[in-house]
Each structure stands twice: as structure tokens, then as C-alpha cells.
Amino acid sequence: MTAQIAYADVEVGTELPAQTFPVTRATLVQYAGASGDFNPIHWNEKFAKEVGLPDVIAHGMFTMAEAIRVVTDWVGDPGAVVEYGVRFTKPVVVPNDDQGATIEVSGKVAAKLDDNTVRVDLTATSAGQKVLGMSRAVVRLA
């Protein structure tokens, strides 16, 4: 695969299509199985509350992975991401109901760099709170 977006076609301020990602308790169990992270704060409501959390929370790495999908879907090639980092600011609280939670993610080209790369700044929120801070990816474009 190669990037579908040309460096020449992108300017600072270019907005990536925003996306909303649903998260349910079933999603967390599936992610736990795939990642091997069976920490009970991600599936056991009683335990999560005993350790001071409001409820079960999504895995930080799951939240991070969902956020970068805005970039990989936009560029058309997951391999085009050459750097990615975030700070976890708030947990994604996932209630035990039919709706669960959502993670809303938007992105914007913040800088054009050397070697056909751009820096994309991401904003990720859930329940009206910013859940990732300093969420930035460097992406190599065509």
C-alpha cells in the first residue's frame, strides 16, 4: 500500500474527516483477548469502582488505536504513519448498557515537514471530555 494523499495537495489547516467510534463492554473483552491485557478495570465494574474509578474504562492503547484510525483512513495506508504519540488525559468510561461509550476523533494538519511528511494533531473526546492530549502523528504522504 502507498499513501493516497499527495503532499502537494495538503496545506497546514487541512482537516481530516472526523469519526466516531463506539465502545461497549463486549468491545473491551474482545480487545483484552487480542492484546492479552486482562486488567479487571477493563471488565469488572465492582473492581473498577473499588480502586476509585467511576466504572469500567477502556484500555488506553485501545483508545489510542481508535484515534489513529482517523489518520490511516485518510491517508489510505497504515504504513504511512512514521511516528505517533499521545498523553492519556481522562479515561473512556464504558457503562454496562446497550450503548456503551463513544470516542469522537478529529484531526488537522498542523505542519508540513521535510521528506513529504506532515504532522497531524488529533483531538479525541468521550462524554464531552478530552481523553487524549498531545495526540500527534507524523505521516509520509505520496
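In the predicted model, Arg 25 is in contact with Trp 43, Glu 45, Asp 55, Val 56, Val 94, Pro 95 and Asn 96, when neighbours within four places in sequence are left aside. Arg 25 belongs to helix α1. With a relative accessible area of 14%, the residue falls under the 20% limit and is therefore classed as buried. One of its contact partners, Asp 55, is also engaged through a polar contact, in which the side chains of Arg 25 and Asp 55 approach to 2.7 Å.

Trp 43, another residue in contact with Arg 25, is located in the loop that links α1 (25-35) and α2 (45-50). Its relative accessibility is 45%, so Trp 43 counts as partly exposed. Together with Val 29 and Phe 38, Trp 43 makes a nonpolar surface patch of about 340 Å².

In the interior, the largest nonpolar core comprises 34 residues, among which Val 120 and Val 139 touch the most other members. At least two residues of this core are supplied by each of β1 (15-23), α3 (60-75), β3 (101-112), β4 (117-126) and β5 (129-140). Helix α3 provides the largest share, with eight residues.

The surroundings of Val 139 were examined further. Residues up to four places away in sequence not being counted, Val 139 touches Val 71, Val 75, Ala 80, Val 81, Val 82, Asn 116, Thr 117, Val 118 and Val 120. The contacts of Val 139 thus include Val 120, and these two residues are the core members that touch the most others.

Technical notes: Residues numbered from 1 in each chain as written. Predicted model: local features only at pLDDT ≥ 70, side-chain atom pairs only at ≥ 80, totals over all residues. Heavy atoms only, no water. Patch = residues over 30% accessible without salt bridge, like charges linked within 9 Å, V, L, I, M, F, W, Y side chains within 5 Å. Areas by Shrake-Rupley, 256 points an atom, 1.4 Å probe, with all protein chains shown as cover. Salt bridge = Lys/Arg side-chain N within 4 Å of Asp/Glu carboxyl O. Helix = DSSP H or I, 4+ residues; strand = E, 2+ residues; numbered from the N terminus. Buried < 20%, exposed > 50% of the residue type's maximum accessible area, 1.4 Å probe, protein only. Polar contact = N/O pair within 3.5 Å; in protein donor to acceptor, adjacent residues only side chain to side chain. Contact = heavy atoms within 4.5 Å. Core = buried A, V, L, I, M, F, W, Y, C linked by side-chain atoms within 4.5 Å.
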